[in-house]
Amino acid sequence: MGLRYYLIRRLLLIIPVLIGLSIITFVISHIVPGDPVRLAAGPQATAEQIRKLEEEFGLDKPLHIQYLNYMRNVLRGNLGQSMMNRHPVAMDLKRYFPATFELVVVSTILGVLIGVPMAMAAAIFRDKWPDQISRMTSLSSISMPVFWLGMILQLILCMKLHLLPISGRFDPRTPLPPNVTGLLLVDSLLAGDLHKFGIALKHIALPAFCQSLIGIAVITRVLRADILEVMQRDFVIMARASGLPERVILFKYVLKNALIATVAMLGHLIGWELSGSVMIETVFDWPGIGLYAVRSAMTLDFQPIMGITLFVGLLFTTLNLLVDISYGVIDPRIRYG
């Protein structure tokens, strides 16, 4: 019963969060300098054409009426229509989100695969050279601007050495694999086409690595501290006194208990990568919702901006809820009330 009431309470709390997010985004998008209607109508548009476009998108009404109309449409599943390309925002999100999701998943996997071993090595060899390398790597990763690093790697690996493609998600000269999931790596494997899988992997390698740096740094620092703290607990000392192998103690007792904070952090990390992929997608011309948001912001196309904000906000709050629920799976002592 505790988990059910906890879920209901948390789901209800998502509603005011999204409402507040929508109000802030709506007001900001309408008070920024510029006239989106004139941009959409073009420089040769007449006053009558501009007036009709304002009426079409409801921009001739007071701001609070515009907001209420927009939220009424959102409750019906309608996120509006882009003024620039006249596409429904929901269809554009469906088109661009798989690219962002694939980038976030690969970068998160990279962060875990690199960060967890680094944290374990740093904790086991505390204050020795593996720990020093780990500290230096995590500090430089979290301090270095990812967009700057991305451009430097593009110059070296792509333009000078020609090892990786400089931008895009797939080779435009090669047909895409059959669209099943929208994830090119997965669709290539489902089609049994290792050649196309290799093409997709080469295109995603550099942007995923750049985006994973923050995850590597945070996972390494947090997990190292937790491992060192768990190693001092009584049950670990008792396990050593009982003669259990150090490998069993590390993986069965220490790592499992130390991972709770890291798992909690992963939810926030994935949410940050979903909302913070704008820079990486812009540098690498990655066709995801981050690049879609940048292009919409440059043309003052507020309907896509609103849709992206609400969509990412819903994903972020849902991820946090799933992470909180996972606590009980990792640590059975945790109870929900």
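Contact is defined here as heavy atoms within 4.5 Å. The structure is a predicted model, in which local features need pLDDT of at least 70 and side-chain atom pairs count only at pLDDT 80 or more, while totals for chains, interfaces and linings use all residues. Residues are numbered from 1 along each chain as its sequence is written, and side-chain values use heavy atoms, with hydrogens and water left out.

Outside the residues up to four places away in sequence, Tyr70 touches Phe26, Leu79, Gln303, Met306, Gly307 and Leu310. Tyr70 and Leu93 have the most contacts inside the largest nonpolar core, a set of 27 residues; such a core comprises buried Ala, Val, Leu, Ile, Met, Phe, Trp, Tyr and Cys residues joined through side-chain atoms within 4.5 Å, where buried denotes under 20% relative accessible area, exposed over 50% and partly exposed in between (1.4 Å probe, protein chains only). Among the helices (DSSP runs of H or I, at least four residues, numbered from the N terminus), H3 (47-56), H4 (63-75), H5, H13 (289-298) and H14 (302-330) each supply at least two residues of this core. The largest share, 6 residues, comes from H14.

Six aromatic pairs occur in the structure, a pair being rings of Phe, Tyr and Trp (its six-membered ring) with centres within 6.5 Å; planes under 30 degrees apart count as stacked, over 60 as edge-to-face and the rest as tilted. The rings of Phe26 and Tyr67 are edge-to-face, because their planes stand at 70°, with centres 5.4 Å apart. Phe26 lies in helix H1 (residues 2-31) and Tyr67 in helix H4, so this pair ties together parts 41 residues apart in sequence. Phe26 is buried at 3% relative accessibility, as is Tyr67 at 13%.
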